[in-house]
Amino acid sequence: MKITDQKTGCDYGEEGVFRGTFRFDNPILADYTWPLCEIRGTQPGPRLCVSAGVHVNEVSSIEASIRLQTLFDPEKMRGSVSIIPVINQPAVHKYSEYVCPVDGKNINHTFPGRTDGTFSEALCDAVLNEWVKGADCYIDMHGGDLKEKVSWFTIFQRTGDGEFDAAARNIAMCFNSEIVLALGPDYMKRPGRPPTACALRKQVAIMTEAGSNGLLSEDDISFHVEGVLNVARLLGIIDSQPTSATNGRSLCDSYIWVECPIDGDFHAEVEPGSIVRQGQRLGSVCDIFGEVLDEVFAPATGFVLWRITHPSIRKGDALLTIVEEAHAG
Ligand SMILES: [Zn+2]
């Protein structure tokens, strides 16, 4: 990482608050700079990395990353908190849904990436190896692209190593989540989200979700801000009292995509965070004259993790996801 500009505060790496921009070392990423705020305490301690804007329309999480910059006092903290508010820089002002416009890849499903890959692959590799490397915890914040509404949830990766899994779960439980999703070890066999890629190197990372439809919401912003502060307390970076979290009403370990059976307008009858029973009607699909073309039923009992909000949808596209409660561990 090479600092390219300093807006305010101390020099990068010194005690205090740094705000500025940097370039990653990988030449594939040379056309872009990234914003960075790093708050470094006067006492040594853990390093916490926080990012948002892998999906640029998930604005409540981006706003949370901006507010967090003012909530750590270098005189009263141990270690450092490093914040990149928008990871997907090529998508800024393009409002790209899900993907990075340079290569059309979803960064969120591309970790750990590769040094000599496409732009998104190089970016994932640089985020992990140039920025997150050596951090005690990495939190990547998300929440509701332009056509979706998500429940409040956190994701961590299980590895089969009991000590690591318990530590990752404790971090995920710092958020006031409706659902805590523990991905099974199988996920580590293919590219995925930061929690999965970091678990491969025995580094704890979580992904957090709260938001909908590209809207700013104080409740969704607070979910992220309070959760990150609770993680900082758990790590020993700050000493203030934790805010209460429901500690994940439901620990889930598998999820099922429910696809639209036919082109049409989907009218949902369930909301994210709610429980559905196997066989329960989730909604109906109508044609442009209002005639019901098909009905959609729950393939399993579980919680609605998120759902699509724009009614118009093609056959085979995802309508929503159901997550099933964990039975063990
Ligand atoms: Zn997202």
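**View 1. Glu 58 at the zinc site, a buried residue**. Glu 58 has just 2% relative accessibility, so it counts as buried (under 20% relative accessible area; exposed is over 50% and partly exposed in between, with a 1.4 Å probe and protein chains only). His 55 is buried too, at 6%. The zinc ion is coordinated by His 55 (ND1), Glu 58 through two OE entries, and His 142 (ND1), at 2.0 to 2.6 Å. Donors here are N, O and S atoms within 2.8 Å of the metal (3.2 Å for Na, K and Ca), and since water is not among the atoms, sites may look incomplete. Angles among the 4 donor atoms run from 54 to 149 degrees, and the site is irregular. That label covers anything that is not tetrahedral (four donors, all angles between 85 and 135 degrees), square planar or octahedral (four or six donors, opposite ones over 155 degrees apart and all others between 65 and 115). Along the sequence, the donor residues follow H-x2-E-x83-H.

This is a predicted model, where local features need pLDDT of at least 70 and side-chain atom pairs count only at pLDDT 80 or more, while totals for chains, interfaces and linings use all residues. Residues are numbered from 1 along each chain as its sequence is written, and side-chain values use heavy atoms, with hydrogens and water left out.

**View 2. Strand E4 and its parallel partners, E5 and E6**. E4 (residues 43-51) pairs with E5 (residues 78-84) over 6 bridges, and Gln 43 has Arg 78 as its bridge partner. On to E6 (residues 137-142): 4 bridges join that strand to E4, with Cys 49 partnered by Tyr 138. Strands are DSSP runs (E, at least two residues; helices are H or I, at least four), numbered from the N terminus, and two strands pair if DSSP finds at least two bridges between them.

**View 3. Cys 10, with no disulfide to show**. A disulfide would need two cysteine sulfur atoms within 2.5 Å, and the whole structure has 0. The Cys 10 sulfur sits 9.1 Å from the closest cysteine sulfur, in Cys 37, so that's too far for a bond.

**View 4. The salt bridge between Asp 161 and Lys 202**. Their closest N and O atoms are 3.1 Å apart; the cut-off is a Lys or Arg side-chain nitrogen within 4 Å of an Asp or Glu carboxyl oxygen. Asp 161 lies in the loop between E7 (148-157) and H3 (162-172), and Lys 202 in the loop between H4 (194-200) and E9 (205-212), so the pair ties together parts 41 residues apart in sequence.
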